[in-house]
Amino acid sequence: MRKKIIAGNWKMNKTHREGMDMLVHLFKMLDFETSIIEDTNKQMPEIVIAPPYLIVENAALLAQAWDVKIAAQNCSSEKEGAFTGEISAAMLKAVKVNYVIVGHSERRKYFHETNQDIAKKIDRVLENDLLVICCVGESLSEREANKEFQSITRQLEECLFHLSADGITKVVIAYEPLWAIGTGRNATPDQAQEMHNYIRSVVSGKFGKDISRKISILYGGSCNPKNAKQIFSQPDVDGGLIGGASLEVRDFLDVIKAIL
Ligand code: PGA
């Protein structure tokens with residue numbers, strides 16, 4: 001069975017104080033939810049929180065006691081040196097971060113990250129024994145021109161195909177159609193399933209069926225308490241990368257409960 005994962009991407013939201021307050025509240029609520037399902041055959045997904053850099057160290061310390069994983073939202077493609085303003089994967093490893101999100105569409109759009117940059121970042125993350133959440137997604141114009149599969153194939157090839165069989169098993173793929181991120185317009189459950197199944201087939205073609213069956217593929221893009229259950233019920237959807245709906249404890253818990 002592959003891992004079910006619900007990851008919250010806070011983006012550039014919350015001060016240290018606000019973030020830590022929310023985490024304490026969230027972790028207590030998660031504990032309560034876990035105790036409720038203890039006698040059922042339901043299982044909590046892996047919970048990942050990606051706060052801003054300034055919070056990751058304390059968040060990772062706190063999360064250890066609660067069995068929650070912490071992700072950074074980005075890292076440098078370089079190992080170390082004169083790269084003002086950057087944070088390396090080794091620095092993240094040193095403060096016990098578990099995952100690094102790479103290739104988020106906002107990084108691609110506003111910071112001009114290319115697939116080649118993303119491939120390098122993934123190498124840095126894996127060299128430091130951290131796990132990767134690699135985002136891929138097509139634009140609205142690509143979808144309207146029926147080029148969504150072409151676009152996703154290219155992103156997968158250029159970001160991931162240089163990895164070894166061992167490397168790819170440390171990667172979680174997040175399918176995030178650009179037209180759905182922060183727009184309130186989510187992909188339909190059928191659209192998500194179609195693309196997740198396609199992504200799995202591309203991974204299978206390169207790395208083999210066994211590996212493709214083990215890779216978790218998350219959906220992201222306006223996923224919220226109202227639509228999460230239907231999206232997560234699709235066979236190739238293994239969880240979600242949640243932006244807006246991860247900023248409030250109640251919403252995020254409801255999204256988590258939608259996968260139980
Ligand atoms: P959203 O963001 O849930 O606010 O659409 C998702 C993401 O960007 O990861």
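Which residues of H5 are buried? The legends below take up this helix, two loops and the ligand in a model that is predicted.

**Figure 1. The buried residues of helix H5 (115–127).** In this predicted model, the buried residues of H5 are Asn115, Ile118, Ala119, Lys121, Ile122, Arg124, Val125 and Leu126. These buried residues pack against several other elements, namely helix H3 (89–94), strand E4 (99–102), helix H4 (105–110), strand E5, helix H7 (148–160) and helix H8 (165–168). The length of H5 can be checked as well: at 1.5 Å a residue, its 13 residues should span 18 Å, and the C-alpha atoms at its ends are 18 Å apart, which agrees.

**Figure 2. Aspartate 129, just after helix H5.** Aspartate 129 is found in the loop that runs between helix H5 (115–127) and strand E5 (131–136), and its phi is positive, near 60°, although the residue is not a glycine. Most residues other than glycine have a negative phi. Is aspartate 129 buried or exposed? With a relative accessible area of 58%, aspartate 129 counts as exposed, because the cut-off for that term is over 50%.

**Figure 3. Aspartate 67, in the loop between helix H2 (53–64) and strand E3 (69–72).** Where a chain passes from H2 to E3, the reader will find aspartate 67 in the loop, with a positive phi of about 60° in a residue that is not a glycine. Aspartate 67 has a relative accessible area of 61%, and is therefore described as exposed.

**Figure 4. The residues around the ligand.** The ligand is surrounded by 13 residues, of which the closest are Lys11, His104, Glu176, Gly182 and Ser222. By the character of their side chains or residue type, the members of this shell divide into four nonpolar, seven polar and two charged residues.

**Figure 5. Polar atoms of the protein beside oxygen atoms of the ligand.** In the side chain of glutamate 176, an N or O atom is 2.6 Å from an oxygen atom of the ligand. For glycine 182 the atom concerned is a backbone N or O atom, which lies 2.7 Å from an oxygen atom of the ligand. At glycine 243, a polar backbone atom is 2.9 Å from an oxygen atom of the ligand. How much of the ligand does the protein cover? Taken on its own, the ligand has 280 Å² of accessible area, and the protein covers 95% of this area.

Methods. Residues are numbered from 1 along each chain as its sequence is written. This is a predicted model: local features need pLDDT of at least 70, side-chain atom pairs count only at pLDDT 80 or more; totals for chains, interfaces and linings use all residues. Side-chain values use heavy atoms; hydrogens and water are left out. Helices (H or I, at least four residues) and strands (E, at least two) are DSSP runs, numbered from the N terminus. Buried means under 20% relative accessible area, exposed over 50%, partly exposed in between (1.4 Å probe, protein chains only). The expected span of a helix is 1.5 Å times one less than its number of residues. Contact means heavy atoms within 4.5 Å. A residue is near a molecule or strand if one of its heavy atoms lies within 4 Å of it. A polar contact is a pair of N or O atoms within 3.5 Å; within protein, one must be able to donate a hydrogen and the other to accept it, and residues adjacent in sequence count only if both atoms are side-chain atoms. Accessible areas come from the Shrake-Rupley method with a 1.4 Å probe; for residues, only the protein chains shown count as cover. Ala, Val, Leu, Ile, Met, Phe, Trp, Tyr, Cys and Pro count as nonpolar, Asp, Glu, Lys and Arg as charged, and the others, Gly among them, as polar.
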